[in-house]
Structure formats: C-alpha cells, structure tokens
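Me: Please take a close look at the surroundings of the bound ligand in this model, and then place them in the context of the fold. What sits around the ligand, and how is the sheet built?

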Amino acid sequence: MEDEENIEEELLLVESQLNGLQDKIKTLLDQQEELYERQAQLKAMLEISKTSRDASNSAPSVALEDWSGKFSWDSQADDTRFNVFGISSYRSNQREIINSIMSGKDVLVIMAAGGGKSLCYQLPAVLRDGITLVVSPLLSLIQDQVMGLAALGIPAHMLTSTTNKEIEKFIYKALEKGEGELKILYVTPEKISKSKRFMSKLEKCHHAGRLSLVAIDEAHCCSQWGHDFRPDYKNLGILKIQFPSVPMIALTATATSKVQMDLIEMLHIPRSVKFVYEKSSVGKVVIDEIANFISESYPNNESGIVYCFSRKECEQVAKELRGRGISADYYHADMDVVAREKVHMRWSKSKSQVIVGTVAFGMGINKPDVRFVVHHSLSKSMETYYQESGRAGRDGLPSECVLYYRPGDVPRQSSMVFYENCGLQNLYDIARYCQSKKNCRRGAFFQHFGEAVQECNGMCDNCVSSIELKDIDATYHTKITVSLLQEMQQNDQRATLLQLVDKFKTKWKHSGCSNEAVDLKKEEIEQLIVQLILDRVLKEEFQHTAYTTNAYVVLGPLWKPALQGNRPVKLTSAIHSQDSGDRFKSAKRNQMSNLEAKLDDLRRTISSRNGGIFPHAVLSTEQISLLNCHTPTTIAELEKLIGKVKTDKYGSDIIEVMWSETGSGKDSGDGAKRQKKDKGVVFVESGEEEG
Ligand SMILES: Nc1ncnc2c1ncn2[C@@H]1O[C@H](COP(=O)(O)OP(=O)(O)OP(=O)(O)O)[C@@H](O)[C@H]1O
Ligand SMILES: [Mg+2]
C-alpha cells in the first residue's frame with residue numbers, strides 16, 4: 001500500500017518533469033526556427049552586399065547603361081502613356097526610369113516635387129503582369145493616388161487602417177488567389193511591419209509569381225538623417241529580402257547623399273540604378289557659371305558671399321563649388337554655434353574664400369573687403385536684397401553683385417513668405433525688378449525706397465548690355481493661358497507654375513498655330529506667367545500638404561479683360577539668346593581701367609616669378625586702386641602709398657608700368673573717380689535647367 005503511494009508520487013514527479021522538459025524543447029525548437037530564419041536572411045544580405053561590392057568597384061550607381069534606347073515594350077509603353085495616362089510626352093528621365101524598371105533593375109529616383117515620380121512606377125505597374133505594391137506614408141496621399149488611378153480606369157486599391165472588411169477580403173483574395181482585378185495596391189508602412197497576415201498573403205502572391213514591382217514612395221522617410229524619418233519605414237528592408245527577384249523602385253524629392261546611401265542600405269538595393277533630377281534646385285549650369293565667375297574674376301582668394309534659398313541648397317552649392325576648386329564653406333541656422341563660428345572665422349581670416357549662406361548669414365558680419373555677393377536664388381524682398389548685396393564693398397572699393405533669376409524661383413519663395421505681413425507684395429516687388437530687362441538697376445532701388453532717382457553711369461547690366469531687346473506681343477499667349485486656367489478651374493483642377501507651362505505647351509501645339517503669334521521658349525512662358533501674376537491677371541494660391549506648401553497659379557482679379565484681349569500684353573526678350581556671361585563681361589570690363597589691368601597683370605607676373613606667392617601678397621586690389629588714383633611716378637611717391645618693403649621689392653617694376661601707362665599726360669583720373677563711388681551691380685539671368 002505504502003509502496004503504491006510511493007510509486008504514484010514518483011510517477012507524478014516524473015510526469016511533471018517531462019512536461020517541463022517538453023516546454024523547454026518547444027522553446028528550443030522555436031528558437032531554432034527563428035535562428036534558421038535569421039540565418040537565411042543574413043545569408044541573403046551577405047550575398048547582396050558582396051555582389052554590390054563587386055558591382056560598385058566597377059560601376060558607380062549612376063546610370064551608365066543607355067536607358068533611353070530602344071526596348072521591346074516601347075510601343076506598348078507609348079500607347080499606355082498616351083491612351084491611359086493621357087500624357088503626351090515624357091518629362092526628363094521618366095522614360096529612362098521606366099525602361100530600367102521594365103528591365104528588372106532596382107531604381108532610386110530623386111526628382112523635384114511635382115516632377116512626375118508617380119508615372120515612373122504606375123506605368124510599369126500597368127505594363128507588367130501581376131500586382132504592384134506601393135508603400136506610401138500618408139493616408140491622404142494614398143487616397144489621392146487611388147482615386148486618380150480609378151479615374152483612369154486602372155484597378156487600384158489601398159489597404160490601410162480605414163479599409164473596410166469587404167475590400168480587405170477582396171484584396172486578400174487577389175493577392176492569394178489572383179482573383180478579381182487588382183493592378184496597384186497602396187499600403188502604409190505599418191502594414192509591412194505590423195501585419196503578419198498581410199505579409200503572408202503577399203508572400204503567397206509572390207510565390208505564385210504575381211508580385212510584379214515594389215515601389216517605396218517618399219523613400220527619404222527611411223533614413224533618420226532625412227527630414228521626415230518614420231520608424232516604420234525602417235522595416236521595409238524586409239521586402240527585398242523576402243522578394244529578391246522583384247524589382248524595387250524608391251522615390252523621393254529630397255535626399256542628401258548621406259540619406260541616399262542610407263536608404264540604399266536599408267532597402268537592400270545596393271545595385272540600384274540612380275536617377276537624380278532635381279530640377280528646381282541646384283542646377284549645374286548656374287553652378288558652373290558661379291564657379292567660373294569666381295575663379296576668373298577673383299583668382300586671388302578675394303572674399304565673397306553666395307546666398308541661397310534653403311539650408312539644403314547651401315550645403316549642395318558649397319559642395320559643388322569645392323568640387324570646382326573654390327574654397328567654400330556653408331553657413332546656416334541648423335549648424336551649432338561652434339561650427340558656425342568656426343566657418344565665420346575661417347572666412348574672416350581669408351582662409352576660405354566663399355561663404356555659402358542663407359539669410360542667417362549676415363547679421364553682424366562686417367568684413368570690409370567683400371568683393372562679390374552672388375545670389376544663387378531670389379531674395380524675398382528688395383530690402384533683403386539691398387541688405388545682402390550691401391555686404392559687398394564696405395571698404396568703398398569696386399565690388400560686384402550678381403543675382404541669378406529664374407521665374408521658377410518666384411513660387412518657391414512665395415510658398416514660404418505668403419503668410420508674412422506683406423510677404424507676397426515684397427516678393428513681387430523684387431520679382432518685378434528681376435523681370436525687367438530695361439530699367440537701370442540702381443534707379444530701381446532709388447525708386448523703390450522713394451528717393452530721387454540716380455542712375456548707375458553704366459555700372460549695371462541693363463545699362464551696359466549690348467544685347468538687343470525686342471518686345472513680343474504676348475496678348476494671344478495670355479488669352480490661351482487664361483482660358484486654360486478657366487477650363488481647369490471649372491473642372492476643379494489646379495496647376496503649379498511648372499505644370500501650367502507644360503499644359504500651355506500642349507495647348508499651344510493643339511491650337512493649330514494659325515495665329516500670327518510667335519512660339520515662346522519655355523523660359524519665356526515662365527516669364528510670361530510670372531508677369532501675369534505681377535499684373536494681377538493671375539494670382540498665386542497656396543495649399544499645405546504634410547511636406548510642403550504648394551503654390552498654385554489661378555485666375556486673378558484682371559483675368560476677364562485679358563481673356564477678351566482688351567489689354568495688350570508685351571514680353572521683353574533678347575533677340576539673340578546670347579549667353580548670359582556676355583552680359584556679365586560687358587559690365588565687368590567697364591570697371592577696370594587700363595592701368596589697373598596692367599597692374600593686375602604685373603602682380604601675376606611677379607607672383608609666378610616668385611614661386612607662386614599669392615598675387616594679392618604682391619599688390620592687394622586695394623593698393624592697385626590706390627595707385628590708380630594717385631598715379632605715383634617716383635619711388636618716393638610710391639613708398640608713401642604702399643610702404644617700404646613692397647617698394648623695395650617691386651618698386652622699379654611698378655614705376656615702369658606707371659610710366660608706360662601715364663607718361664603722356666595723366667588721364668586715368670576718370671576711372672579713378674568713378675570707381676570710388678559706385679559699386680558694380682551686375683545681374684545675370686539664367687533660365688537654364690539641367691537637362
Ligand atoms: N510627362 C508628363 N507630362 C505632363 N504632366 C505630367 C507628366 N508626368 C507627370 N505629370 C503630371 O505632373 C503632376 C505631378 O506628378 P506627381 O504627382 O507624380 O509628382 P511627384 O514627383 O510625385 O511630386 P511629389 O514629390 O510632390 O509627390 C501630376 O499632375 C502628373 O499627372
Ligand atoms: Mg509623389
């Protein structure tokens with residue numbers, strides 16, 4: 001009896017121990033399962049990273065192959081573009097991006113807002129068999145897209161927290177069994193990271209070979225270095241690991257190179273073909289011009305400032321200038337105080353030549369010998385421009401101010417300043433100043449500040465320009481623009497400046513051109529639209545999105561008389577589209593007297609003779625203009641002006657030049673008088689964009 005009890009007791013013990021052990025085994029098996037899974041993932045990642053290293057050794061991620069050539073899907077793509085999407089021609093890079101996706105590549109697209117990124121994945125989605133998955137961060141963006149696609153007759157759906165059960169069922173069936181019509185599926189990133197059910201359906205879709213493309217919109221959200229980091233985007237890397245054979249396209253309007261590298265790594269697309277087309281931002285042509293201007297006109301490290309619109313632009317422009325051999329640092333409010341001070345000090349001591357800054361750079365800057373101020377983009381008012389350009393030439397010596405104006409900068413600025421008191425009015429004042437090709441720049445300033453007008457005596461671009469101007473009658477073009485906007489507004493549509501230009505071109509083509517009116521170039525259409533805004537025929541209207549404020553062009557108070565053609569509209573344009581550099585040089589040449597030019601040559605000769613010391617160490621620009629003023633002809637006179645050391649070293653050479661230039665009657669006074677008073681104000685226009 002007692003034995004039995006003992007046995008039963010032990011049995012219970014053993015059984016409970018067995019239970020415990022089975023639990024442990026289950027945990028271990030689960031662990032084993034997880035480890036196997038992780039092992040597979042790591043192997044895949046290693047594989048990808050290895051091949052990428054091999055690939056990146058020989059080929060950078062920039063498109064080397066020719067994606068604009070002929071492909072088997074060309075005619076089908078053209079047909080879909082036109083007949084389904086209603087788009088008459090591709091914008092820059094769209095064709096190439098579509099071709100590389102169709103070839104099965106992973107692609108990274110950096111394209112300005114409104115540039116047309118959606119088409120780059122929507123068109124391949126329609127062409128390829130199967131379903132395209134699009135990850136997008138915001139419900140409102142997704143809703144817009146799905147509605148737009150539905151209107152084009154493309155079966156698109158979204159799966160988000162707001163999707164009802166019925167639709168969800170339909171979507172799951174389509175994924176799992178290929179039933180029902182579904183071409184493009186939009187999801188928020190949370191679906192990928194949080195819904196196991198969704199991922200398993202997607203897995204099945206892929207397994208059946210029906211997942212045709214994965215698109216990650218607003219891809220900068222992946223990177224915590226981006227301006228809009230979203231934690232759930234971090235988990236999107238799983239998509240390439242689970243579906244390595246499915247091409248992935250990542251799209252964004254903004255990504256520094258750090259963010260680009262980051263998201264290539266996070267999304268596991270190291271071999272992606274990269275397309276960068278930041279149209280409205282830092283254009284290559286403008287940077288080339290600025291770099292040439294600085295290195296040709298200021299080869300001796302003379303100090304200057306380049307003003308930019310945004311922090312990002314400052315960093316980009318500084319980088320581009322450094323890439324062209326100019327020592328440039330950026331400066332903006334996002335940097336900490338120490339870093340800013342360091343940059344400022346380097347520049348003050350002329351250890352760097354150029355500061356590329358936002359408006360944040362200026363307060364309390366009192367460097368006397370700033371020789372040039374360049375505005376890479378439009379200032380927000382005449383007052384700001386006056387202040388910023390006024391940082392040049394505080395020592396009273398000739399200095400230059402250059403403003404690069406593109407009509408497209410107007411909406412960029414207006415969407416920033418419209419909420420400020422008089423913000424738009426101020427902006428339109430400076431836009432008017434920039435659009436003018438005839439009025440004296442200096443006179444315009446006096447007029448703006450309500451003072452008696454004084455002209456520049458041939459110092460500004462408009463006064464010295466030798467470019468012939470013509471007035472184009474743009475009354476008919478204005479009619480077309482106004483009627484276009486009228487139609488759009490009736491259909492509840494809106495257009496940005498860029499879109500309006502596109503629409504204008506299409507409408508112009510279809511208007512038959514029976515009219516006498518001349519064909520306008522793209523820059524001229526932009527110029528016309530801005531002019532119509534300034535003349536209140538059109539106006540700007542603003543809409544906020546999660547990312548930015550968009551500026552749209554709509555009908556203004558005076559649209560009716562414009563539509564009736566009652567008010568003639570004139571557009572001033574250059575007869576020969578001469579390169580803007582010429583405008584520039586003619587103004588510059590005016591500034592330097594013969595004597596100054598000779599002395600400038602001399603200091604270079606001496607500097608190269610002396611093993612490459614800086615020319616300005618031989619004679620500074622200030623000293624050259626002093627010599628130009630006082631025209632010393634003896635060593636004693638010279639010594640009073642430039643001191644003993646330099647006179648001992650270079651005196652005889654300098655005097656020789658003085659004699660040769662001024663020997664027959666000292667008639668160099670003219671240039672001397674002029675340059676003491678006036679600062680050169682030079683203005684260059686630039687309509688070019690990267691192509
Ligand atoms: N080739 C084209 N010709 C004319 N219009 C186009 C073309 N491509 C795109 N569009 C139009 O341009 C507008 C903007 O396109 P889309 O929404 O794709 O811009 P986006 O680059 O995604 O901008 P965002 O960064 O703001 O999202 C849309 O109305 C679209 O129909
Ligand atoms: Mg978009």
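Reply: In sorting residues by character, Ala, Val, Leu, Ile, Met, Phe, Trp, Tyr, Cys and Pro count as nonpolar, Asp, Glu, Lys and Arg count as charged, and the others, Gly among them, count as polar. By that scheme, the shell around ligand 1 in this predicted model divides into five nonpolar, seven polar and three charged residues. There are 15 residues surrounding ligand 1, and the closest of them are Ser89, Gln94, Gly114, Lys117 and Ser118.

Among the polar approaches to the ligand, a polar backbone atom of Ser89 lies 2.8 Å from a nitrogen atom of ligand 1, while the side chain of Gln94 places an N or O atom 2.9 Å from a nitrogen atom of the ligand. Arg91 also contributes through its side chain, with a polar atom 3.3 Å from a nitrogen atom of ligand 1. Of the 640 Å² of accessible area that ligand 1 has on its own, the protein covers 68%.

Turning to the fold, helix α3 spans residues 94–102, and it lies across β1 (107–111), β5 (211–216), β6 (248–252) and β7, running at about 165° to β1. These strands belong to an open sheet of seven, with parallel pairing and the order β3-β4-β2-β5-β6-β1-β7. Its edges are β3 (156–159) and β7 (273–277), each of which pairs on one side only, and the twist from one strand to the next averages 20°. At the β3 edge, that strand pairs in the parallel sense with β4 (residues 184–187) over four bridges, and Leu159 has Val187 of β4 as its bridge partner.

Methods
Residues numbered from 1 in each chain as written. Chains lettered and ligands numbered in written order. Predicted model: local features only at pLDDT ≥ 70, side-chain atom pairs only at ≥ 80, totals over all residues. Heavy atoms only, no water. Pairing = 2+ DSSP bridges. Helix = DSSP H or I, 4+ residues; strand = E, 2+ residues; numbered from the N terminus. Axes fitted to C-alpha atoms, helices over the stretch in contact; angles between N-to-C directions. Contact = heavy atoms within 4.5 Å. Near = heavy atom within 4 Å. Polar contact = N/O pair within 3.5 Å; in protein donor to acceptor, adjacent residues only side chain to side chain. Areas by Shrake-Rupley, 256 points an atom, 1.4 Å probe, with all protein chains shown as cover.
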